[in-house]
Amino acid sequence: MKQSQQTTLRASVTLTGVGVHSGDEVKISLHPAEANHGIVFLRTGLPGGRDRLINARHLTVTATELCTVIGDRDTGAVATIEHLMAALAGLGVDNVLVEIDGAEVPILDGSAAPFIAAIDEVGLALQGSSRRYLKVLKPVRVTHGKAFVELNPNDRAFRLEVEIDFPTPVIGRQSKSIDLSPSVFRRDISRARTFGFMRDVEKLWSAGFALGASLDNTVAIGEDGVMNPEGLRYADEFVRHKILDAVGDLSLAGMPLLGTYRSFCGGHRMNFAVLEALFSNRANYAIVDSGVRREPSYAEIGNNIAVPAYAPEVL
């Protein structure tokens, strides 16, 4: 469903937590931003008291192993951005300045739900500028062994069709399809948590990953089942989390997509690769406006228009 106007936050909101890979405490603040600003990270606390602005775009991605990283280690980077980006994209938030004082977005409960709750505290504001969409014109596809990710034309929506296949009866083969909208993302995707296998823990620790992982923020999979006492939030929580990750990764296109995303055993690396394939040829896409640009009223210029965070779902 297309939303005609850009949105930002009504006010700033702050969250704190640990990075799932670094284990470090970090504070993150989401600030309102002007129209056409996009999602930009302000990385603070760098050596020498430096700060750095990093656009949340595929062009700034520098790593995709187990998470998505923008920026670089030497001048400042931010890792594990995908759950926050999914929350913003899922709710239809176009313009935000993300101030963060560490190198990794906090994992919180392992899903997008805490970010949505924070956004709901302040609500969204409609802005005077019309929203632009990235419309897929030609199919693009990337493969790696049996795995593939592709983008296909779809004039009316951003559809995700995702299938996974893990050689364990705890997960097995799962598939799910959605047409992305704020209500669908909230209900069906936002609470799905990241997951990992207990057998991989020592290997991840030795490689410097998962240092902040716990049963509070990760679905832990043992030989015989899920280790978390509360069990799963959805019967197919694993494939739903893959959709969540894809929503976050593909938001690095810089504007909402009009197209159909299909994947089989995909992940961060292939999501980044399919964006590179899309942007490799100008004939693959078009930038389309959602409506006729209009002059905002005085009230909109002064205060914007307050709307609840679930509102951007109208044609």
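## A walk through the pockets and helices

Val61, Thr68, Asp249, Leu252, His268, Asn271, Phe272 and Leu275 line the largest cavity. Keep in mind that you're looking at a predicted model. The volume of this cavity comes out at about 40 Å³, and the count of cavities of 30 Å³ or more is one. Helix H6 hands over the largest share of the cavity lining, four residues. Sort the lining by class and you get four nonpolar, three polar and one charged residues.

Now for the open spaces. Rolling a probe the size of a water molecule over the atoms shows where empty space is left. The largest pocket holds about 1400 Å³ of space. It has 50 lining residues, and the ones closest to its centre are Leu66, Phe166, Phe195, Gly196 and Lys242. Which element gives the largest share of that lining? That's H6, with five residues. Quite a few elements chip in with at least two residues each, among them helix H1, strand E14 (158-166), strand E16 (195-197), helix H4 (201-206) and helix H5 (237-250). Strand E12 (140-144), strand E18 (257-264) and helix H6 (268-279) also each supply at least two. As for chemistry, the lining of the largest pocket splits into 24 nonpolar, 16 polar and 10 charged residues.

The second largest pocket has a volume of about 740 Å³. To find its centre, look for Val93, Asp94, Gly254, Met255 and Pro256, which lie nearest to it out of 38 lining residues. Here H1 gives the most to the lining, with four residues. At least two residues each come from strand E4 (39-46), H1, strand E11 (132-136), H5 and E18. The class tally for this lining is 20 nonpolar, 12 polar and six charged residues.

H1 and H5 have turned up in the linings of both pockets, so let's see how the helices sit against each other. Two packed helices are described by the angle between their axes and the distance between the axes. H1 and H5 pack at an angle of about 80°, and their axes are 7 Å apart. Angles of 65 to 115 degrees count as roughly perpendicular, and H1 and H5 are therefore roughly perpendicular to each other. On the H1 side, the contact uses Glu82, His83, Met85, Ala86, Ala89 and Gly90. These meet His241, Leu244, Asp245, Val247, Gly248 and Asp249 in H5. It's a mixed bag by class: five nonpolar, four polar and three charged residues make up the contact of H1 with H5. Asp249 is worth a second look, since you've already met it in the lining of the largest cavity.

H1 has another partner. Helix H1 (residues 82-91) packs with helix H2 (residues 113-122) at an angle of about 50°, with 8 Å between their axes. That angle makes H1 oblique to H2. The crossing of H1 past H2 is right-handed. Which residues in H1 and H2 meet? From H1 you have His83, Leu84, Ala87, Leu88 and Leu91, and from H2 there are Phe115, Ile116 and Ile119. By class, this contact has seven nonpolar, one polar and no charged residues. His83 also appears in the contact with H5.

Finally, back to H5, which packs with helix H3 (residues 182-189) too. The angle between H3 and H5 is about 140°, with their axes 10 Å apart. Is that roughly antiparallel or oblique? Over 145 degrees would count as roughly antiparallel, so H3 is oblique to H5. H3 makes the contact through Phe185, Asp188 and Ile189, while H5 uses Arg240, Ile243, Leu244 and Val247. The class count for H3 with H5 is five nonpolar, no polar and two charged residues. If Leu244 and Val247 look familiar, you saw them in the contact of H5 with H1.

Technical notes
Residues are numbered from 1 along each chain as its sequence is written. This is a predicted model: local features need pLDDT of at least 70, side-chain atom pairs count only at pLDDT 80 or more; totals for chains, interfaces and linings use all residues. Side-chain values use heavy atoms; hydrogens and water are left out. Axes are lines fitted to C-alpha atoms, for helices over the stretch in contact, and angles run from 0 to 180 degrees between N-to-C directions. Angles under 35 degrees count as roughly parallel, over 145 as roughly antiparallel, 65 to 115 as roughly perpendicular and the rest as oblique. A crossing is left-handed if the near helix is turned anticlockwise from the far one by less than a right angle, and right-handed if clockwise. Contact means heavy atoms within 4.5 Å. Ala, Val, Leu, Ile, Met, Phe, Trp, Tyr, Cys and Pro count as nonpolar, Asp, Glu, Lys and Arg as charged, and the others, Gly among them, as polar. On a 1 Å grid over the protein atoms alone, a cavity is a set of points where a 1.4 Å probe fits but cannot get out, and a pocket is an open set with protein on both sides within 12 Å along at least five of seven lines; lining residues have an atom within 4 Å of a point. Grid points are joined across faces, edges and corners, and a volume is the space filled by probe spheres set on the points.
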